[in-house]
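Me: I am new to this structure and would like to understand how the terms used for it are decided. Could you take me through them with care?

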Amino acid sequence: MSGIKLMGTGSALPAQEVTNFDLEKKVDTSDEWIVTRTGISSRHYCTGEENHLGLCTAAARRALESAGIGPEQIGVCLVATLTQDTMTPSTACVLQKELGMPEDTVCFDLNAACAGFVYGLHTAECLLAASVRKYALVIGCEVLSRITDFTDRSTCVLFGDGAGAAVVEWREDYPSLCAVMGSRGNREVLMIPGVNTGAASYIHMDGKEVFRFAVEVLPRCAKEVAAKAGIGLDQVDHFVFHQANQRILDFAIKKLRLDPEKCAGNIAHTGNTSAASVPILLDELVRSGQLHSGQKVLCAGFGGGLTWAGALLQLA
Ligand code: UT7
């Protein structure tokens, strides 16, 4: 047996909170529609000096502090994102300098959209097995407000900005994440044009199709992770699912017959923060004292690509 455990978490949200009532002033929408269809009441947007790197750095510092680990102990630094400040250098490389991680730290950004953080956990687990230093910093960070089309009311009310970070340690006697990952290449359902297309980099989404995809893969992914770990879903202490839409979460909870008490959510005040949503929620559980040492957390994400990923993470 070998694998990783969660040693510490951190998160950062921009100062500005944007409520549904604020959006009503510039978009043809209503608080009632947004709350009923998504469960979202407010989200945070970066303003002024705030940016992607600032959110990442703040979340990473908090995670290192809560783990009691110094930057010099990190062997792998991964940032899951699709909204980095610069295409190159990667955020992970800039963060390496910012925090003072050693030069032989493996640093890169990865794009698996909303499944990115869980993809990152599994990637860190694999890389740490071959690393001299056995700690990794895995971050999910997005500034989605910068790629939101405020003339498209069906997408602009959903997304928010934020960052979440986790410090994990690899040991031979730690349990495997038993990660399950997948992808189904699709450009039509969820797409953000890149730099070479000449089109504005805004989120284009067929909400109904994403919804169908999510309610198909999320319950299946959770079941497959538990089966791989050889446990029943009733032996999982917490489920931390990507916060995309409360109705998707309610569907999965019902289909898997999960105890809603084990399925905390924060979409009401964060909105959908893509790769950041799972680590932000993890951090909220740790800091509020709901997640205890030795407990098992089943994390799962799904999104653009299309991608999905699930993993069973244990708090050290
Ligand atoms: O992170 C992963 C990526 N994203 C997701 O997981 C999103 C998954 N999909 C969804 O969450 C939902 O499909 C949405 C929340 C995006 C949309 O909900 P829906 O129940 O699928 O609504 P709809 O697109 O079928 O629209 C229903 C009605 C339409 O009006 P008509 O044609 O019935 O008159 C829309 O024009 O609601 C209207 N509408 C709105 N009304 C007020 C769409 N957006 C809004 C809005 N405010 N913001």
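Reply: A polar contact is a pair of N or O atoms within 3.5 Å; within protein, one must be able to donate a hydrogen and the other to accept it, and residues adjacent in sequence count only if both atoms are side-chain atoms. This is a predicted model, in which local features need pLDDT of at least 70, side-chain atom pairs count only at pLDDT 80 or more, and totals for chains, interfaces and linings use all residues. Residues are numbered from 1 along each chain as its sequence is written, and side-chain values use heavy atoms, with hydrogens and water left out.

Me: What makes the approach of Arg247 to an oxygen atom of the ligand a polar contact?

Reply: A polar side-chain atom of Arg247 lies 3.0 Å from an oxygen atom of the ligand, and the limit is 3.5 Å, so the pair counts. His242 also has a polar side-chain atom 2.8 Å from a ligand oxygen, while for Trp33 a side-chain N or O atom is 3.1 Å from one.

Me: Which residues are the closest of those that surround the ligand?

Reply: The closest of the 22 surrounding residues are Thr29, Arg37, Lys208, Asn245 and Asn272, where a residue is near if one of its heavy atoms lies within 4 Å of the molecule.

Me: Which helix gives the largest share of that shell around the ligand?

Reply: H7 does, with four residues; a helix here is a DSSP run (H or I, at least four residues), numbered from the N terminus.

Definitions and conventions. Helix = DSSP H or I, 4+ residues; strand = E, 2+ residues; numbered from the N terminus.
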